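Welcome! Take a moment to look over the sequence and turn the model around before reading on. The notes below will then guide you from one part to the next.

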Amino acid sequence: MLELTPVLDYKSDKPLYLQLSNYVKQEILSGRIKPTAKLPSKRNLSHYLGLSLNTIQAAYDQLCAEGFVESKPRKGIFVAPFDENIFSIQKYPTHLEVKKEPSETNVKIDFNSGRVDLVHFPFSIWRKLTMQALYDDQKEIFNNGDPKGERLLREQIAIQLFASRGVRCSPDQIIIGAGTQVLMGLLCLLIGRENTCALENPGFHRTRVVLQDLGVSTLPISLDESGINLKELKESSATIAYVTPSHQFPFGMVMPIKRRIELLKWVEEQCGYIIEDDYDGEYRYKGKPIPSLQGLDPNGRVVYLGTFSKSLIPSIRISYMVLPAALLSKYEERFTIYKQTVSRLHQNTLYHFMKDGHWQRHLNKMRTLYRNKQAALMAAIKKHLGEKAQIIGENAGLHIVLDVKNNMLEKELISSAMNLGVKVYPLSTYDYELSSVDGSQVILGFGGLSEYEIDKGIRLLKNAWKL
């Protein structure tokens, strides 16, 4: 049934049938009710609007008399057929005006750091396990689950974290959430918004926005060759520090063990917390693995964040955090009222994917694949750009920072690349005060591109930047 939802004024001197007929006329004139459309039956509309049949009949009679609708015996009431262009009345907008982004239909190569390789994702296995997750317990899976997330999945995550990252935790310490930003919001409530949080600068802007939107005081701390500048951190008023030690975002340095120990001493003195975001620690191309800060922490002062966005697929929206004992007690006392934000179906599918060994096989395959793509990117830059571009942060992860030496500024580099169909990304997005817009550095992600596309993209950049 075509829904008519007029706002009727029962205190008005104007009869209800006229208010209703005028409303229908405006809907027809505006184009929201189309010519030849069938209107609701008198009985259905009477029931829907809570009006008498006589009122509906009078409104329809008025519309018929004015020629807007016509009655067809045993068929119903229909809008009269007419040319919509004959009305000179301004039509109402049928939807909100949305500012359109510039067209990107000419993009040939997109160096997006958030994309992963989907060609090699095991779709058939995932589909089979999704069905298996449904068959295991078809009724229960459609109810709300544990606020922390599915117990079986948290057990698998705990096993994997200890084996690969040295994270020591029980499944009870793990909270699953629909992305890092969701978990950061919950973490702010747990830690308290009155604390000042130090952020790497440049650093992950989405975390910064969450903290600021929640009213948390934030401080930018510069970087050195080992990561967050410890001297500057100690001189600040911060008691919380958000860091990406396994692969600093966006500059890519890996925090050495010495700096990690120093950082843990600092947080012990502050009686604060370190938030360790290990967003893509699975992918490392040089050097030996270094244990996570959480695994090195003897005092329960580190919150560990992880995600499946880089290692599996971004749209699955499954991330997790590992809470130390003090925050876990606070969570269990006050915050289990917040329901789980990730679909139980996806959680159960991922549990089977990990338990049956598919996760480890997929991860091993992707490590090899991304290592080859990273090597292809390094070779293409060396071949086509030579000494005119410096690579920063190439030892881990799925992106690099490229410092281009042609006297172009960031905006010019991006626009000239786009003119040839290549999309590169600004470093300034991640700067606390956007000061890097005057620089000549851009971000290139390679996870979602083939080796052929990587080489083609760098060749186009050579021409765009006249190198």
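A residue is called buried when its relative accessible area is under 20%, exposed when that area is over 50%, and partly exposed in between. With 42% relative accessible area, R193 therefore counts as partly exposed. Please keep in mind that this is a predicted model. It includes an open sheet of eight strands with mixed pairing and an open sheet of four strands with antiparallel pairing.

**The eight-stranded sheet**

- Reading across this open sheet, you meet the strands in the order β4-β11-β10-β9-β8-β5-β6-β7.
- Its edge strands are β4 (174–177) and β7 (227–228), and each of them pairs on one side only.
- Strands β10 (residues 302–307) and β11 (residues 319–322) are antiparallel partners joined over four bridges.
- To find one of the paired positions, look for Y304, whose bridge partner in β11 is V322.

**Helices packed on that sheet**

- Helix α5 (residues 151–165) packs on the sheet and touches β4, β9 (273–278), β10 and β11.
- The direction of α5 makes about 110 degrees with that of β4.
- Another helix, α7 (residues 205–213), lies across β5 (196–201), β6 (217–224) and β8 (240–243).
- Compared with β5, helix α7 runs at about 160 degrees.

**The four-stranded sheet**

- Here the strand order is β12-β13-β16-β15, and the pairing is antiparallel.
- β12 (389–392) and β15 (425–426) each have a single partner strand, so one side of each has no neighbour in the sheet.
- β12 and β13 (residues 399–404) run antiparallel and are joined by four bridges.
- Two of the positions to look for in β12 and β13 are I391, whose bridge partner is L402, and Q390, whose bridge partner is D403.
- The hairpin of β12 and β13 has six residues between the strands, and in this hairpin G393 takes a positive phi near 80 degrees.
- Helix α13 (residues 358–384) lies across β12 and β13, at about 10 degrees to β13.

**Where two helices cross**

- Two packed helices are described by the angle between their axes and the distance between the axes.
- For helix α12 (residues 344–355) and α13, the axes come within 4 Å and cross at roughly 75 degrees.
- Angles of 65 to 115 degrees count as roughly perpendicular, so α12 is roughly perpendicular to α13.
- Which residues meet here? On the α12 side they are H352, F353 and M354, and on the α13 side H358, W359 and H362.
- Sorted by class, this contact has three nonpolar, three polar and no charged residues.

**Cysteines**

- A disulfide needs a pair of cysteine sulfur atoms within 2.5 Å, and the count comes to zero disulfides by this rule.
- C188 is in no disulfide, as the nearest cysteine sulfur, that of C197, is 7.6 Å away.
- C188 has 6% relative accessibility and so counts as buried.
- For C271, the closest cysteine sulfur is in C197, and at 17 Å it is too far for a bond.
- Is C271 buried or exposed? C271 is exposed, because its relative accessible area is 54%.

**Three residues to visit**

- R193 sits in the loop between α6 (180–191) and β5.
- Leaving out residues up to four places away in sequence, R193 touches C188, L214, G215 and V216.
- R193 and L211 are 18 residues apart in sequence, yet their C-alpha atoms are 8.5 Å apart in space.
- T180 belongs to helix α6 and is buried, with a relative accessible area of 14%.
- Beyond its neighbours within four places in sequence, T180 is in contact with D277, L305 and S319.
- P245 lies in the loop between β8 and α9 (257–270) and is buried, with a relative accessible area of 1%.
- Not counting residues up to four places away in sequence, P245 touches M253, V254, M255, R260, E276, D277 and L293.
- One of these contacts, R260, is 15 residues from P245 along the chain, and the C-alpha atoms of P245 and R260 are separated by 8.1 Å.

Technical notes:
Residues are numbered from 1 along each chain as its sequence is written. This is a predicted model: local features need pLDDT of at least 70, side-chain atom pairs count only at pLDDT 80 or more; totals for chains, interfaces and linings use all residues. Side-chain values use heavy atoms; hydrogens and water are left out. Two strands pair if DSSP finds at least two bridges between them. Contact means heavy atoms within 4.5 Å. Axes are lines fitted to C-alpha atoms, for helices over the stretch in contact, and angles run from 0 to 180 degrees between N-to-C directions. Angles under 35 degrees count as roughly parallel, over 145 as roughly antiparallel, 65 to 115 as roughly perpendicular and the rest as oblique. Ala, Val, Leu, Ile, Met, Phe, Trp, Tyr, Cys and Pro count as nonpolar, Asp, Glu, Lys and Arg as charged, and the others, Gly among them, as polar. Buried means under 20% relative accessible area, exposed over 50%, partly exposed in between (1.4 Å probe, protein chains only).
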